[in-house]
Amino acid sequence: MRLMILNGPNLNLLGVREPHIYGTTTLSAIRDACEEFARFIGADLTFEQSNHEGVLVDRIQAARETADAIIINPAGYSFTSIAIYDALKAFDGPVYEVHISNIHARDELHRHSKLSSAVKGVICGLGPYGYIAAMQAAAQAVNALPDTLPAPIRIGPR
Ligand code: CA2
């Protein structure tokens with residue numbers, strides 16, 4: 001499975017500013033954990049962060065040729081970006097939206113993601129572990145979890 005993980009604006013500041021909201025884990029530590037989990041499930045991973053909406057749109061478009069699933073933490077663009085919404089709708093594989101914090105428990109400005117109706121699943125409030133949970137869900141969705149994992153993890157209850 002080819003997996004693309006995209007991170008939106010200001011997530012490069014994770015672990016450095018506002019730890020009371022977003023915790024103390026840096027984006028580089030999250031990347032390391034995702035790379036380790038990708039090796040564990042045999043996935044090819046690209047992991048990127050951009051502060052620019054157009055760059056994120058370009059990456060999502062490129063994923064049409066290079067990825068089987070997308071995981072995106074759109075950060076502030078969750079609440080504003082029709083361009084990212086349109087790009088995600090044009091991707092054929094499963095897309096998972098991840099938020100480190102529980103956006104439903106946040107202030108009005110950070111509560112309603114415009115992108116959620118363009119994705120297969122939303123994970124929020126699990127902290128950095130949300131990325132690993134999303135990777136597992138993405139691999140399960142495209143039937144790419146290793147056979148060695150227990151059936152409830154690979155295929156879930158039927
Ligand atoms: O919880 C998340 O992952 C968010 O996507 C993070 C976004 C926020 O706008 C969403 O409501 C929820 C903000 C990312 C900004 O990250 C910072 C990290 C440290 C210091 C300042 C900003």
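# Reading a predicted fold, one feature at a time

User: Let's start with a single residue. Is Gly 121 buried or exposed?

Analyst: Gly 121 counts as buried, because its relative accessibility is 16% and the cut-off for buried is under 20%. Keep in mind that this is a predicted model. Gly 121 sits in strand E5, which covers residues 121-124.

User: Which residues is Gly 121 in contact with, leaving aside its neighbours within four places in sequence?

Analyst: For that you look for heavy atoms within 4.5 Å. Gly 121 is in contact with Val 95, Tyr 96 and Glu 97. As for a residue elsewhere, Tyr 77 is 44 residues away from Gly 121 in sequence, and their C-alpha atoms are 17 Å apart.

User: Okay, zooming out. What pattern does the chain follow along the sequence?

Analyst: Go through the helices and strands in order. The chain has six helices and five strands, and they run β-α-α-β-α-β-α-β-β-α-α.

User: How do I read the radius of gyration of the chain?

Analyst: You set it against what a compact globule of that length would have. For 158 residues that would be near 15 Å, and the chain has 15 Å, so the two agree. The C-alpha trace spans about 40 × 35 × 30 Å along its principal axes.

User: And what share of the residues count as buried?

Analyst: Of the 158 residues, 43% do. On the surface side, the chain exposes about 8200 Å², with carbon and sulfur atoms supplying 51% of that.

User: What about charges: how many positive and negative side chains are there?

Analyst: There are 13 positive and 16 negative ones. You can also compare where the two sets are centred: here the centres lie 4 Å apart.

User: How much of the contact map comes from residues far apart in sequence, say 24 or more positions?

Analyst: Such pairs account for 75% of the contacts with a separation of 6 or more. Leu 3 makes a nice case. The C-alpha atoms of Leu 3 and Ala 67 are separated by 5.4 Å, though the two residues are 64 residues apart along the chain.

User: Where does Leu 3 lie, and what does it touch?

Analyst: Leu 3 lies in strand E1 and is buried, because its relative accessible area is 2%. Not counting residues up to four places away in sequence, Leu 3 touches Asp 44, Leu 45, Thr 46, Ala 69, Ile 71, Met 135 and Ala 138.

User: Strand E1 covers residues 2-7, with Asn 7 in it. Is Asn 7 buried or exposed?

Analyst: Asn 7 counts as buried, since its relative accessibility is 0%. Beyond residues up to four places away, Asn 7 touches Leu 27, Phe 47, Glu 48, Gln 49, Ser 50, Leu 56, Asn 73 and Tyr 131.

User: Now the rings. How many aromatic pairs does the structure hold?

Analyst: Two. To classify a pair, check the distance between ring centres and the angle between planes; under 30 degrees counts as stacked, over 60 as edge-to-face, and the rest as tilted. Phe 37 and Phe 40 have ring centres 5.9 Å apart and planes at 35 degrees, so that pair is tilted.

User: Where do Phe 37 and Phe 40 lie?

Analyst: Both are in helix H2, residues 27-41, three residues apart, which is about one turn of the helix. Phe 37 counts as buried, because its relative accessibility is 15%. Phe 40, with a relative accessible area of 53%, is exposed.

User: And which residues form the other tilted pair?

Analyst: Phe 47 and Tyr 131, at 6.4 Å centre to centre and 35 degrees between the planes. Phe 47 lies in strand E2 (residues 44-49) and Tyr 131 in helix H5 (residues 129-141), so the pair ties together parts 84 residues apart in sequence. Both Phe 47 and Tyr 131 are buried.

User: Last one: what should I look for in phi?

Analyst: Most residues other than glycine have a negative phi, so positive values deserve a look. Asn 10 has a phi near 75 degrees and lies in the loop between E1 and helix H1 (19-22). Ala 75 also has a positive phi, of about 50 degrees. Ala 75 is in the loop between strand E3 (69-73) and helix H4 (82-89), and it counts as buried, because its relative accessibility is 14%.

Terms used
Residues are numbered from 1 along each chain as its sequence is written. This is a predicted model: local features need pLDDT of at least 70, side-chain atom pairs count only at pLDDT 80 or more; totals for chains, interfaces and linings use all residues. Side-chain values use heavy atoms; hydrogens and water are left out. Helices (H or I, at least four residues) and strands (E, at least two) are DSSP runs, numbered from the N terminus. The radius of gyration is taken over C-alpha atoms; the globule rule is 2.2 Å times the number of residues to the power 0.38. Buried means under 20% relative accessible area, exposed over 50%, partly exposed in between (1.4 Å probe, protein chains only). Accessible areas come from the Shrake-Rupley method with a 1.4 Å probe; for residues, only the protein chains shown count as cover. Lys and Arg count as positive and Asp and Glu as negative; His and the chain ends are not counted. The place of a charge is taken as NZ of Lys, CZ of Arg, CG of Asp or CD of Glu. Rings of Phe, Tyr and Trp (its six-membered ring) pair if their centres lie within 6.5 Å; planes under 30 degrees apart count as stacked, over 60 as edge-to-face and the rest as tilted.
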